[in-house]
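Please open the model in a viewer and keep the selection panel at hand. The tour proceeds from one selection to the next.

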Amino acid sequence: MISLLQLSDTHIGSKKNGFNAEKNLQRAIRHALSMQIQWDGLILTGDLVESGSVDDYETLKDLLQPILKQVPVYFCLGNHDSRDNFKNVFKTFWDQHVAEKGSWLQYSIGLGNQHQLIVIDSLSEGFDQGHLCTERLDWLRAKLNEYQNQKIIVAIHHPPFIFGNSLFDAMAIEERDQFADILIQHPNIDRVLCGHLHRTMTAQIGHCPIFSSPSTLHAYGVDYSHTHRSGIFDEGAGFAFHQWLPEQGWISHSIVFMSPAD
């Protein structure tokens, strides 16, 4: 068995709408560590902090200490993040995982049992929309060619799909077609994990399931009205986890760890 924990859109430093990002992340970590599961890794799928400040990354680093002692932790960057400030605070992580002179937070990690986690950087600083430039897409193709004989999980912040809400659809990966072509050409990609949507959603591109995780901060409602706006919805914060069983393959779970009233 492989057990991969996914926390997303932690938004440390956010003061909006009365939600406590730091408290919620602590509660999510306590909940995950209390489960009768031996975690093989934790992936945080972006929007780690609210404003990209060094202080917020320092707070995140402190909050992660209880789980860092037990579980390998891996990071994606989202549109609220800052590469330079993340690299400043998590320099050891960056130097360990990013190739020399690498411009993006992109890397691969072995999960065991011939499985590989590949993390892609969709951040375009100053913009909310996700982007995958030619350099990043070429890196992904090269990694997939390197691991043709392994099963792949891809982690990215921005969703590579749209769902009919103009606010969030405008922030999906701009190069969705190129990304979809890569997925279709590599049937060994078992799953794409993303964040950004603050709620559980599933989609499929070719053979490949796409899974978006809830946010540890708060949910957003699904709004298909003519205004296509998404306010904060009356749902609890949550996280996800994914388990691979030899006889079954990957199973994804969505966990609500607190009620909206909390």
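Begin with F86 in this predicted model. Display its surroundings: leaving aside residues up to four places away in sequence, F86 touches L48, Y57, F75, L77, K91, F93, W94 and L105.

Next, widen the selection to the nonpolar core. F86 ranks with I43 and F75 as the residues having the most contacts inside the largest nonpolar core, which has 56 residues. Helix α1 (residues 21-34) gives the most to this core, contributing five residues. A second core, separate from that one, has 28 residues, among them V154, I156, I182 and M201.

Now select the sheet. Its six strands are arranged in the order β4-β5-β6-β7-β9-β8, forming an open sheet with mixed pairing. Colour β4 (107-112) and β8 (201-205) separately: these strands stand at the edges, and because each has a single partner strand, one side of each is left without a neighbour in the sheet. From one strand to the next, the twist averages 20 degrees.

Within the sheet, move to strands β7 (residues 189-194) and β9 (residues 208-212), which pair in the parallel sense over three bridges. Which residue of β9 is the bridge partner of C194? The partner is S212.

Finally, add the helices that lie across the sheet. Helix α6 (residues 134-146) lies across β4, β5 (115-119), β6 (151-155) and β7, and runs at about 175 degrees to β5. Helix α8 (residues 176-185) lies across β6, β7, β8 and β9, running at about 150 degrees to β7.

Key:
Residues are numbered from 1 along each chain as its sequence is written. This is a predicted model: local features need pLDDT of at least 70, side-chain atom pairs count only at pLDDT 80 or more; totals for chains, interfaces and linings use all residues. Side-chain values use heavy atoms; hydrogens and water are left out. Two strands pair if DSSP finds at least two bridges between them. Helices (H or I, at least four residues) and strands (E, at least two) are DSSP runs, numbered from the N terminus. Axes are lines fitted to C-alpha atoms, for helices over the stretch in contact, and angles run from 0 to 180 degrees between N-to-C directions. Contact means heavy atoms within 4.5 Å. A nonpolar core is a set of buried Ala, Val, Leu, Ile, Met, Phe, Trp, Tyr and Cys residues joined through side-chain atoms within 4.5 Å. Buried means under 20% relative accessible area, exposed over 50%, partly exposed in between (1.4 Å probe, protein chains only).
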